[in-house]
Amino acid sequence: MADTAAAVIRVVTDRRSLSFTAAATLGRLEREGPVRLTALAAAEGVAQPSMTQLVQRLERQGLVRRVADEADGRATLVAVTDTGRDVLAARRRARDARLAELVATLPDDDRRALREAMAIVVPLVERMVAGDASAAPDPEDPSNRTTAPTERPDTGSPR
């Protein structure tokens, strides 16, 4: 199933201007705020030298910048820039438009079934992303019956 989700992300995401790893890194910085390069490398599951090269490339493109760590004056943090946020937003819009095109090709019954499935899957994925996949939702709790969100987190990362 994870392979299928990753394949869907690859199909609906335009990767011409930004690699999957670069988009995931920008998305993480946007969600979590400035972070040390070593922590960013660990969070993205890449070696520190690889993250250093990626951050340098993103800096040259104006998508990230290094800022002083106020808690430790000797350290610097990597932060997403407004340009980086704009690039992510444009990628999301393009991805959402492509996904909408694909869904529009489905028969009405399939679109309804997909909507119903998303009401189940979205809360599960949100718990997984939050690191709480083991906690089973209470099926009687109405808050667990949501509709598919219109605004989704960046899918530059399958996590």
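# Reasoning from values to terms

Read along the sequence, this predicted model follows the pattern α-α-α-α-β-β-α-α.

Visitor: How many helices and strands does the protein have?

Guide: The protein has six helices and two strands.

Visitor: What share of the residues counts as buried?

Guide: Of the 159 residues, 29% count as buried. The protein exposes about 10200 Å², and carbon and sulfur atoms supply 55% of this area.

Visitor: Why is Arg28 called buried?

Guide: The relative accessibility of Arg28 is 12%. Buried means under 20%, so a residue with this value receives that name.

Visitor: What makes Glu32 exposed?

Guide: Glu32 has a relative accessible area of 52%. The term exposed requires a value over 50%, and therefore Glu32 is exposed.

Visitor: How do you know that Glu32 and Arg28 form a salt bridge?

Guide: Their closest N and O atoms are 3.0 Å apart. The cut-off is within 4 Å, so the pair qualifies as a salt bridge. Glu32 and Arg28 are four residues apart in helix α2, which means that about one helical turn separates them. A search of the whole structure finds 12 salt bridges.

Visitor: What makes the pair Asp72 and Arg36 a salt bridge?

Guide: The side chains of Asp72 and Arg36 meet at 3.0 Å, N to O. Since the limit is within 4 Å, the pair is therefore a salt bridge. Asp72 lies in the loop between β1 (64-68) and β2, and Arg36 lies in the loop between α2 and α3, so the pair ties together parts that are 36 residues apart in sequence.

Visitor: Is Asp72 buried or exposed, and which term applies to Arg36?

Guide: Asp72 has 17% relative accessibility. This value is under 20%, so Asp72 counts as buried. Arg36 has a relative accessible area of 34%. Buried means under 20% and exposed means over 50%, and a value in between is therefore called partly exposed, as for Arg36.

Visitor: Which residues belong to the network of salt bridges that share partners?

Guide: Salt bridges that share partners join Arg36, Asp69, Asp72 and Arg74 into one network. Within it, Arg74 forms a salt bridge with Asp72, with the closest N and O atoms 3.1 Å apart. Arg74 has 77% relative accessibility, and because exposed means over 50%, Arg74 counts as exposed.

Visitor: Where is Val125, and why is Val125 called partly exposed?

Guide: Val125 is found in helix α6 (residues 108-129). The relative accessible area of Val125 is 38%. Partly exposed covers the range between under 20% and over 50%, so the term fits Val125.

Visitor: Which residues form the nonpolar patch on the surface?

Guide: Ile120, Val121, Leu124, Val125, Met128 and Val129 form this patch, with about 510 Å² of accessible area together. A patch requires over 30% relative accessible area of its residues. Val125 has 38%, so Val125 satisfies that requirement.

Visitor: Which residues have the most contacts inside the largest nonpolar core?

Guide: This core has 17 residues, and those with the most contacts inside it are Leu18, Leu26, Met51, Val55, Leu58, Val64 and Val78. The elements that give two or more residues to this core are α2 (20-32), α3 (37-44), α4 and β2 (76-80).

Visitor: What is Val64 in contact with, leaving aside its neighbours within four places in sequence?

Guide: The contacts of Val64, with those neighbours set aside, include Leu26, Leu29, Val55, Leu58 and Val78.

Visitor: What makes Gln56 and Ala43 partly exposed?

Guide: Gln56 lies in helix α4 (residues 48-60), and Ala43 is in helix α3. Gln56 has a relative accessible area of 35%, and Ala43 has 29% relative accessibility. Buried means under 20% and exposed over 50%, so Gln56 and Ala43 are called partly exposed.

Visitor: What is the mean pLDDT, and where is the pLDDT below 50?

Guide: The mean pLDDT of the protein is 82, and 72% of its residues reach 70 or more. Over residues 146-155 the pLDDT is below 50; beyond near neighbours in sequence, this stretch has 20 contacts in the model. Where pLDDT is low, the predicted coordinates should not be read in detail.

Methods
Residues numbered from 1 in each chain as written. Predicted model: local features only at pLDDT ≥ 70, side-chain atom pairs only at ≥ 80, totals over all residues. Heavy atoms only, no water. Patch = residues over 30% accessible without salt bridge, like charges linked within 9 Å, V, L, I, M, F, W, Y side chains within 5 Å. Areas by Shrake-Rupley, 256 points an atom, 1.4 Å probe, with all protein chains shown as cover. Buried < 20%, exposed > 50% of the residue type's maximum accessible area, 1.4 Å probe, protein only. Core = buried A, V, L, I, M, F, W, Y, C linked by side-chain atoms within 4.5 Å. Contact = heavy atoms within 4.5 Å. pLDDT = per-residue confidence, 0-100.
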